[in-house]
Amino acid sequence: MAQDVRLLAAEDRLAAWELSRLAFGGSRQSPPQLLELAPGRYDWGAFDDAGRLVARAVDREQCHWFGGRLVPASGVASVAVAPEIRGTGLARRILTALLAAARDRGAVISTLFPTTQAPYRRVGYEAAGALAWTVLPTSALAAIRQPSDVVLRPAEPADVPAVPGPAAACWSGRSRRSTRPRKPYWPATTGSPWPWGGGGAIEGYASWDRGPGYDASGRLSVFDLMGLTGPATTALLAMLGTWTSVAPALELRLPEPDPAILLAPFVGATVQSSQPWMLWPEHVAGSVDLLLTDDMCPWNAGPHRLVLDGGYGRLEVGGGGDVRPALLDHF
Ligand SMILES: CC(C)(COP(=O)(O)OP(=O)(O)OC[C@H]1O[C@@H](n2cnc3c(N)ncnc32)[C@H](O)[C@@H]1OP(=O)(O)O)[C@@H](O)C(=O)NCCC(=O)NCCS
């Protein structure tokens, strides 16, 4: 029976790595970099009476981008329990300790990519979206016009502090997904990352890897595509469309769903892989008063209240009409 749940110390890291290798596979050689404690990363472990590490989980300090705000979060990873002791409540115990500590350092939500959803659902996470690789002919984007008031330029390392919003939005969140650490993120891809500047402000960002070949095998792999406004995203999509002559295939890593598909004809697009992500707490309760406008069907217009309760959302007529979603202003 596990006695002790605590943060791992440097001397526990080899045992932690061994437990992960046992659960997830991998080389038998210990990569030294995995044995170092990194800032913003909290390794939790559970030990049995003999002091043996029998469970582990990692809390990564992150911020997720929701509706234009960075929300402090705990990104959970590397959850593993020794095979002979699974099903005895250890994952629940270690996650309980991890979430309490994450809460103490300011995290209000937690996210993870599950290999299996059931154990996480039992402790309060729920599936909230997916990160998908979508493949499409680059020519599908070739007809998109560059917005006239948009300036595209290559990113410089000096731009990093100026792109906290888009960069923070870039993993599985955007305003409707998660995640990236708050610390400046610079993509380690072999292609050029490009921010989008309009009026001096960077409002969008893309990074990609240009694979080999400029015949039919040419491919552009876009890891990040994000825009805070419709024109910013359109500018980046139009730029991607210009690759059609040398990279006929385009693969985009996008959350599901992503508003980019409202801005471009994704003709011939197929989802190559999709990785669901989960959010804790499972049920968020609250309400927001919206003012809807609809010139085409004015009977839909007026104040409405969006209510989230018990895992369900409903839109009711009424409320103060306080909020008009900023996102809608951009499309
Ligand atoms: C997934 C894993 C971490 C679960 O650890 P565990 O210690 O066995 O889980 P617990 O005993 O704490 O179970 C927590 C809850 O999840 C439920 N649960 C656990 N495994 C489950 C499964 N495979 N299917 C359905 N429910 C499961 C338990 O019933 C329990 O709910 P309850 O308390 O209401 O009964 C463990 O099986 C493991 O290490 N698997 C291999 C590595 C892995 O897949 N890690 C996840 C990476 S995302």
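How many nonpolar, polar and charged residues are in the shell around the ligand? The shell has 12 nonpolar, 4 polar and 3 charged residues. Glycine counts as polar here.

Ground rules, quickly. This is a predicted model: local features need pLDDT of at least 70, side-chain atom pairs count only at pLDDT 80 or more, and totals for chains, interfaces and linings use all residues. Numbering runs from 1 along each chain as its sequence is written, and side-chain values use heavy atoms, without hydrogens and water.

Now the ligand. Around it sit 19 residues, each with a heavy atom within 4 Å. V79, V81, G87, G89 and R122 come nearest. The largest share of the shell, 4 residues, is from α3; helices are DSSP runs (H or I, at least four residues).

Next, ligand oxygen contacts, with N or O pairs counted within 3.5 Å. The R122 side chain places an N or O atom 2.3 Å from a ligand oxygen. For R86, a polar side-chain atom lies 3.4 Å from a ligand oxygen. T88 uses a backbone N or O atom, also at 3.4 Å. Alone, the ligand exposes 910 Å², and the protein buries 70% of that (Shrake-Rupley, 1.4 Å probe).

On to salt bridges (Lys or Arg side-chain nitrogen within 4 Å of an Asp or Glu carboxyl oxygen). The structure holds 14. R52 meets D48 at 3.3 Å, N to O. E84 meets R52 at 2.7 Å. That pair links distant parts of the chain, 32 residues apart. R13, R41, D43 and R56 form a salt-bridge network.

Key
A polar contact is a pair of N or O atoms within 3.5 Å; within protein, one must be able to donate a hydrogen and the other to accept it, and residues adjacent in sequence count only if both atoms are side-chain atoms. Helices (H or I, at least four residues) and strands (E, at least two) are DSSP runs, numbered from the N terminus.
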